[in-house]
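Here are my notes on the model, as numbered points. Please read them with the structure open.

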Amino acid sequence: MANGIKYGVSLYCFSNSFHTGQLDLEGCIKRAKEIGYNGATLVAAQSCEEYPFPSDKWLYKLRDTYEKYEMEPVCWEGYLDVGMRNDRDMSPEEIREFTRNDIIYARKAGFHMLKSQHSITPEIFESMRPFCEKMGVKLCIEMHHPHHPLVPVWQKYFEIMDRSDGWLGFAPDMSIFQKYPHGLHIRQAMEDPGTREEKINEILKAMREGKSEDELESLELNETEKLYAGEFYHKNAPAGKLEQLGGLLKYAHMIHGKFYYLADDQDDPCIPYSEIMPIIKKSGYDGYLIAEYEGHHFYTDPDDSEQLHRYWSMVKRMYDNA
Amino acid sequence: MDFAAFNKYMICDDDIEVNKVEDIVLGYEFKCKYPTYRGAYICNVLKFQVFVDGVEIPQEDLRFGVNGKFFLMSEIKDMYKEYWFTGSKAIMRVVDENGIAPGQHTVKMIMTHKIPYTGYFGNYLVLEGTCEKTLSVKE
């Protein structure tokens, strides 16, 4: 086994602070460092002011800011906004150009990894390898809920990764193992004036008991409660199987440590890190686990820094004790 | 529901400003932000609806301003090269030669928008975000 896992953070965790102007980009990097993280990814479509055509000046300033705080530039997190136009999806030529551009931006800003998305297509993914090698930038595809390892296109992607000498890989997002509503989703349901607290509790109880959504009929839910029941079930039907994870980590360039809300640093009832961390350790994976706090999609009042402290404390203990 | 928390940021707290040339009133405007964690190609906004004091403003009277340019509502759908950056304040201008009365007004905005990377199994997520605020007219 190599040196073991590394803990990093996505600057996306600070979405609320960034959106409201409480933190600028440098402030996000500084805050991540203060919390204790030594590596960080950046979501280009969020953080890059001149996106999708950043100037060299902006990119070199970003590189210098990472250096200033001794922050490792882990990954330039690109998007493939295949639906960016309304009249048609992106053409293969456009997907290639966006990917090529992102590789160039990544390299200029000091990153040696680009994250892309499932829609890149197997043909274009494989065709990018020579350019990746030339630029010294690895290319990985994020596997995000509702995708999972058994979605047919992923079998093709894994075959391509196998013959890429490590230049092409994937970034599994732990949301694919999400099994129970997180605290902020439950809070949203409870605070909705259209729901009754006891009914939301009954839905959650049914989930814990392993009952199917069809078995909720006896609860006599109103329309709003049914809406939340549907969300709870559909978002938390784990797309991936935990037993698949260990064998696939040889392809992982990084892991997205998704989480939505941690009430403490002991456990996450939503994503089963107590099972995930021992699997990661056993696999010998020695890349980054990138903390990805996403509670800001639901509420803006949880303190993102505190959430990141709790996450690190939790996953590190689970890894060390495995 | 995902992506809902930033809807409250869609209408900015800045005052409504009367749009005029010297003393000639042309309309009024308020500021708005794209209500998610990232920026957007403005064509991904499928529809803007604006209500002032409960009355919907006709689409032909709205102008959307971002990156120093102004667009008709009918032009938005084609603007896939124009990027509305995260947290950046855009302008929603109402063309109305009567202007707007001094004091406070209720402004509501409904934005229907497509998340352009979500086509996991062929369907894009389309959201409808609503924000309502009471704004003052700048004196």
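The points below run from conventions to domains, cores, helices and the chain interface.

1. Conventions. This is a predicted model, in which local features need pLDDT of at least 70, side-chain atom pairs count only at pLDDT 80 or more, and totals for chains, interfaces and linings use all residues. Residues are numbered from 1 along each chain as its sequence is written, while chains are lettered from A and ligands numbered from 1 in the order in which they are written.

2. Domains of chain A. The assignment splits chain A into domain 1 (6–179 + 238–320) and domain 2 (183–233); such bounds come from an automatic or database domain assignment. Taken over C-alpha atoms, the centres of domain 1 and domain 2 of chain A are 31 Å apart. Contact here means C-beta atoms, placed from the backbone, within 7 Å. By that rule, six residues of domain 1 of chain A meet five residues of domain 2 of chain A. The domain 1 side of this contact has five nonpolar residues, one polar and no charged. The classes are: nonpolar for Ala, Val, Leu, Ile, Met, Phe, Trp, Tyr, Cys and Pro; charged for Asp, Glu, Lys and Arg; polar for the others, Gly among them.

3. Cores. A residue is buried if 20 or more other C-beta atoms lie within 10 Å of its own, exposed if 12 or fewer, and partly exposed in between, with C-beta atoms placed from the backbone. A nonpolar core joins buried Ala, Val, Leu, Ile, Met, Phe, Trp, Tyr and Cys residues through C-beta atoms within 7 Å. The largest such core has 110 residues, and A:Leu11, A:Ala40, A:Trp76, A:Met113, A:Phe170 and A:Met254 touch the most other members. A second, separate core has eight residues, including A:Ile200, A:Tyr228, A:Ala229 and A:Phe232.

4. Around A:Ala40. Leaving out residues up to four places away in sequence, A:Ala40 touches, among others, A:Gly8, A:Leu11, A:Ile29 and A:Met71.

5. Helix 5 of chain A. Helices (H or I, at least four residues) and strands (E, at least two) are DSSP runs, numbered from the N terminus. Helix 5 of chain A covers residues 92–108, and its end C-alpha atoms are 24 Å apart, in agreement with the expected 24 Å; the expected span is 1.5 Å times one less than the number of residues. Its buried residues include A:Ile95, A:Phe98, A:Asp102 and A:Tyr105. The buried set covers an arc of only 165° around the axis, so it sits on the same side of helix 5 of chain A. That arc is taken from the directions from the helix axis to the C-beta atoms. The face turned away carries the exposed A:Glu93 and A:Glu97. Just after helix 5 of chain A, A:Gly110 has a positive phi of about 95°.

6. Helix 10 of chain A. A:Lys199, A:Ile200 and A:Ile203 are buried in this helix. They fall within an arc of 105°, so they line one face of helix 10 of chain A. They pack against helix 9 (183–191) and helix 11 (223–235) of chain A. On the face turned away, A:Glu197, A:Glu198, A:Lys205 and A:Arg208 are exposed.

7. Chain interface. How many residues of chain B are in contact with chain A? There are 25, and they meet 31 residues of chain A. The chain B side divides into 16 nonpolar, five polar and four charged residues.

Note on methods:
Two residues are in contact if their C-beta atoms, placed from the backbone, lie within 7 Å.
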